[in-house]
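Thanks for coming. I'll take a few minutes to go through one structure, and you can follow along on the screen.

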Amino acid sequence: MPEQPSAHVSSSTEQGVLVLTLTTSEVRSDDVVQAIGNELQAAVGPTPPPRIVLDLHSVQYLGSSGFRPLLNLRRTLLAAGSRLVLSGLSAEVAEVFRITRLISSHGAAPAPFVVETDVPAAIAHLNREP
C-alpha cells in the first residue's frame with residue numbers, strides 16, 4: 001500500500017538534521033491534532049534520527065490539545081536518544097509555550113523543549129552540541 005502524503009507535516013534533511021515542518025496554521029481540532037501526531041511519528045519512523053528540528057513558523061494558533069502530539073514526539077525521541085529543537089515560534093505561540101512552562105524564559109529552570117528562532121539556528125544548536 002503506498003504511503004499517504006502528509007497533510008500537516010513536511011520533512012527534509014539539512015546538514016544531517018531531520019527538519020519537520022508543521023504546515024497547518026491552526027492546531028485546534030481533534031482531527032488535526034490526531035493527524036499531526038500520526039504524521040510526526042511516521043516521519044521519524046521506528047528508528048528516529050539523532051537530531052530533529054520541528055519548525056513551527058506556519059503555526060499561528062496552538063490549542064491546548066495541540067501539545068499532545070509534540071509531547072508524544074518528545075517522549076519517542078527521548079527514548080531513542082534523539083535530540084529535538086523547536087524553531088520558528090510566533091510570539092503568540094511562544095507565549096503559550098512559556099506560560100505552560102514547556103520552554104523556559106531567560107534564567108528560568110530548564111524546560112522540556114529547547115527553542116531557537118529559526119531552522120538554521122536550530123540546526124546550528126544541534127550540530128554544536130555533542
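**Around L54, and outward**

I'll start inside. L54 touches L20, L22, L40, L70, L73, L84, V85, L86 and S87, leaving aside residues up to four places away in sequence. Before going further, note that this is a predicted model.

L54 belongs to the largest nonpolar core, which has 28 residues, and L54 and F97 are the ones with the most contacts inside it. Which elements supply at least two residues of this core each? They are the strands β2 (17-22), β4 (51-55) and β6 (83-87), together with the helices α1 (30-44), α2 (67-80) and α3 (91-99). The largest share, five residues, comes from α1. There is also a second core, separate from that one, with eight residues, among them V17, V19, V85 and L126. As general background, nonpolar side chains in soluble globular proteins tend to be buried together.

Now the strands. β4 is mostly covered, with four of its five residues buried. On one side, β4 is joined to β2 by four bridges, and the two strands run parallel. Within that pairing, V19 has V53 of β4 as its bridge partner. β4 is also joined to β6, by five bridges, again in parallel. V53 turns up here too, since its bridge partner in β6 is V85. A little further along, D55 stands opposite S87 of β6.

β6 is likewise mostly covered: four of its five residues are buried. Three bridges link β6 to β7, and these strands run parallel as well. In that pair, L86 stands opposite V115 of β7. Recall that V85 and L86 are both on the list of residues that L54 touches, and that V85 is in the second core.

L126, also in the second core, takes us to the helix α4. This helix covers residues 119-128, and V119, A122, I123, H125 and L126 are its buried residues. Why do those residues line one face of the helix? Seen down the axis of α4, they fall within an arc of 160 degrees, so they sit along one face. The general point behind this is that an α-helix has 3.6 residues a turn, so residues three or four places apart point the same way. The face of α4 turned away from the buried side carries P120 and R128, which are exposed.

What covers the buried residues of α4? The cover includes β1 (9-14), β2, β4, β6 and β7 (114-116). At the N-terminal end, α4 is capped by D118, with a side-chain oxygen 2.9 Å from the backbone nitrogen of A121.

Last, the overall numbers. The protein has four helices and seven strands, and from the N terminus the order is β-β-β-α-β-β-α-β-α-β-α. Buried residues make up 41% of the 130 residues. Of the contacts with a separation of 6 or more, 74% are between residues 24 or more positions apart.

The C-alpha atoms fill a box of roughly 50 × 35 × 25 Å along the principal axes. A compact globule of 130 residues would have a radius of gyration near 14 Å, and the protein has 14 Å, which agrees.

That is what I had. I'm happy to take questions.

Notes
Residues numbered from 1 in each chain as written. Predicted model: local features only at pLDDT ≥ 70, side-chain atom pairs only at ≥ 80, totals over all residues. Heavy atoms only, no water. Core = buried A, V, L, I, M, F, W, Y, C linked by side-chain atoms within 4.5 Å. Buried < 20%, exposed > 50% of the residue type's maximum accessible area, 1.4 Å probe, protein only. Contact = heavy atoms within 4.5 Å. Arc of directions from axis to C-beta. Polar contact = N/O pair within 3.5 Å; in protein donor to acceptor, adjacent residues only side chain to side chain. Pairing = 2+ DSSP bridges. Rg over C-alpha atoms; globule rule 2.2 N^0.38 Å.
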